[in-house]
Amino acid sequence: MTSMQDIRHNSALCAYRLPMGAVCTGQKVTLRLQADPAQVEGVTVRIFINDQGQDHPMALDREGLWSYTFTAQAAPGVDWYYFIIHTIAGHTLYMGLPMGQTAGEGQLYDGPPCSFQLTVYKRGFTTPDWFKRSTMYQIFPDRYSCGDRAGAQEGLEYHRQMGRLVYPHQRWDELPLYEPLPGQPYYAPCDFFGGDLKGIEQHLDDLRDLGVTVLYLNPIVEAASNHRYDTADYKKVDPVLGSEQDFIHLCQKAATKGIRILLDGVYSHTGSDSVYFNKNENYPGPGAYQGKQSPYYKWYQFGADRDDYKSWWGFDTLPEVDEEAADWQQFVITGKDSVFNTWLARGAAGFRLDVADELPDDVIEKMRTALKRHSKDDVLLGEVWEDATIKESYGAKRTYALGQGLDSVMNYPLKEGLVRYLLGEQSAGALVDLLLMQRVNYPQHMYYCLMNLLSSHDIARIRTRLATGLTGQGMDRPSQVAATRAITPAQDQTAAARQKLAMAAIFSLPGVPCIYYGDEWGMHGLQDPLNRGPFMRRDRDMASFTKRLSAVRAGSDALKTGHVGFVHYDDDLLGILRLCGREHDFFGAPAQNGVTLTLINRADAPCTQTIDLHAITSGLNAAGLHLLRRHSYALAVDLLSGHSVDVARSKFTATLPPLSAAIFQLKP
């Protein structure tokens, strides 16, 4: 019987799959398998399209590999395949993947295995080039900066007059409210620090100096809470934050600094205390709660009486909308004065769709159409927590990552993979498996737009996670506060070193590196609302390092839109290779010639490793391999430290201190 080493297929190597990666509809695909014909009498590839499997015999090609070429399906979808090997000795073997893996190096099994993924996306799908090259900064508006304290107080009084619970903080350095106010039975997100749009505008120079080119703002529309995911008026800026004119001016001023603004779009539900539902009767005119005479009645789904309505995850303060309702679609998406058109006209460059999984695919496609009609440079980004190419929700396979809906998604799997690697919970090899799956499975234009985050308003801050290992899940809020306060200076120092490695990774990978406000200053916090503390400057060294990383990426076409390859040398040492040709990047756009190699050593001990650049092949397509092999190098300069080492025959030796990263630029 043949051995594991004699039979091989790796979907992340173009020697075995051409083209390597996702393919567009109607594109030719060649699958190849290495197996000694002296020991194997035949190979079949079983391809699953729309869950229907069909066997196809493979033939030996001129290079002695078993090969099969076919045309990808005409409709976007996700196909799967594995191999069936018939040996001369009469055995039947199967080549596929381990459970949980969808790309990479195949393994042999005695029975049908897990399959390799082949993503087929809509021909012609592209994403904005500017976004691929951008650096993002996420702001929770109430907690970033107050530029007009009197205006914020007037806004709070507006909410008080409506009978809403309002708790203004007296000092900026207080913790967010995390328990019920005295006399209240439940915690409510009713505390305000007074951050506003003018405060953001006053810090645009700081953001530009950090290298930020796109701001993502959590909801800014009028709402009863501080997080504003309970929309009260889609077209009005919350008065605590300012006015519509303040937003227009912010966008105009940001544009002069080279910064665009994305808004959080919360469209699966509204607040019960809103113009549209009006359960509290705070707004003139009938809302849906008042009955069928309301123009918004058809937006919602009522049962036996008006208190029996469908709500988001059972929260009666968040009545769910019917996104297929024609009136709702016209108001939000398709109408001349729609919510989309209103904010785009005011200067927004696109939207992040809250809970994108809960919006039907056809609705997301209509949103894309409306957005791109305004400008092809506008961005539609979705909140998706898993691999978006194979996401299933509400019994349906989602298609929003197949070139018909979203430009990008929030890359939570990358964040979790990096954290587990840095905490020693998984090896560098396991992280490379994840990186390769994303490289191979996402459409290329989406892959280079993925929002590569380390923290957000919905998860623990990266500094706290790396200091404690905790996520905050399953802990009550007082326990979360206690755990954060218990972090020792030594733990914080180790977390800072690890955070630098995580930052180096997201600034080296394809996609859009995203900084959650205050992370660059080492802010702490576990789960909501403790991850939403007021902006504080803690760690000046982290801020300097982040600025340095951002400048390095900004000055390198290779780090933004170059080809990518991955390597791991042991459980601790990770390598990310990026390269551009003499005239073009991965997409054929004009680019400066360049090759970089980011090395990350998570170990507590120094590491010395001989690097063979030409041996880094996983993740590179045929064009990338050609570029890599035609380059000649004489010097490798670490762009972070300035240190250099000699290169001979594409090899050099690098020494990394404990818990450190280097970004080597290869020079001729």
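This report describes the nonpolar cores, one helix, two buried polar residues and a surface patch of a predicted model.

**Nonpolar cores**

The largest nonpolar core holds 149 residues, and the members that touch the most others in it are Tyr137, Leu215 and Tyr267. Leaving aside neighbours within four places in sequence, Leu215 is in contact with residues including Tyr137, Ile139, Ile200, Leu204 and Leu207. Its contacts also include Ile259, Arg260, Ile261 and Leu262. There is a second, separate core of 25 residues, and among them are Val29, Ile47, Met95 and Leu108.

**Helix H7**

Helix H7 spans residues 339-346 and is mostly covered, with 6 of its 8 residues buried. The buried residues are Val339, Phe340, Thr342, Trp343, Leu344 and Arg346. After H7 comes Gly347, which has a positive phi, near 125°.

**Two buried polar residues**

Asn452 is part of strand S24, which covers residues 451-453. Its relative accessibility is 1%, so Asn452 counts as buried; the cut-off is under 20%. The side chain of Asn452 makes a polar contact with the side chain of Asn411, and it also reaches the backbone oxygen of Pro510. If residues up to four places away in sequence are not counted, Asn452 touches Asn411, Leu414, Ile506, Leu509, Pro510, Gly511, Val512, Pro513 and Cys514. Asn411 and Pro510, the partners named above, are thus both found in this list of contacts.

Ser660 belongs to strand S33, made of residues 660-667. With a relative accessible area of 12%, Ser660 is buried. Its side chain reaches the backbone oxygen of Pro657. Outside the residues up to four places away in sequence, Ser660 touches Leu501, Leu599, Ile600 and Asn601.

The distances for these side chains are set out below.

| Side chain | Partner | Distance |
|---|---|---|
| Asn452 | Asn411, side chain | 2.9 Å |
| Asn452 | Pro510, backbone oxygen | 2.9 Å |
| Ser660 | Pro657, backbone oxygen | 2.6 Å |

**A patch on the surface**

Trp313, Phe315 and Tyr394 form a nonpolar patch on the surface. Together the three residues have about 470 Å² of accessible area. Tyr394 lies in a loop, between strand S21 (392-393) and strand S22 (396-397). Is Tyr394 buried or exposed? Tyr394 has 66% relative accessibility, and the cut-off for exposed is over 50%, so Tyr394 counts as exposed.

Key: Residues numbered from 1 in each chain as written. Predicted model: local features only at pLDDT ≥ 70, side-chain atom pairs only at ≥ 80, totals over all residues. Heavy atoms only, no water. Patch = residues over 30% accessible without salt bridge, like charges linked within 9 Å, V, L, I, M, F, W, Y side chains within 5 Å. Areas by Shrake-Rupley, 256 points an atom, 1.4 Å probe, with all protein chains shown as cover. Salt bridge = Lys/Arg side-chain N within 4 Å of Asp/Glu carboxyl O. Helix = DSSP H or I, 4+ residues; strand = E, 2+ residues; numbered from the N terminus. Buried < 20%, exposed > 50% of the residue type's maximum accessible area, 1.4 Å probe, protein only. Polar contact = N/O pair within 3.5 Å; in protein donor to acceptor, adjacent residues only side chain to side chain. Contact = heavy atoms within 4.5 Å. Core = buried A, V, L, I, M, F, W, Y, C linked by side-chain atoms within 4.5 Å.
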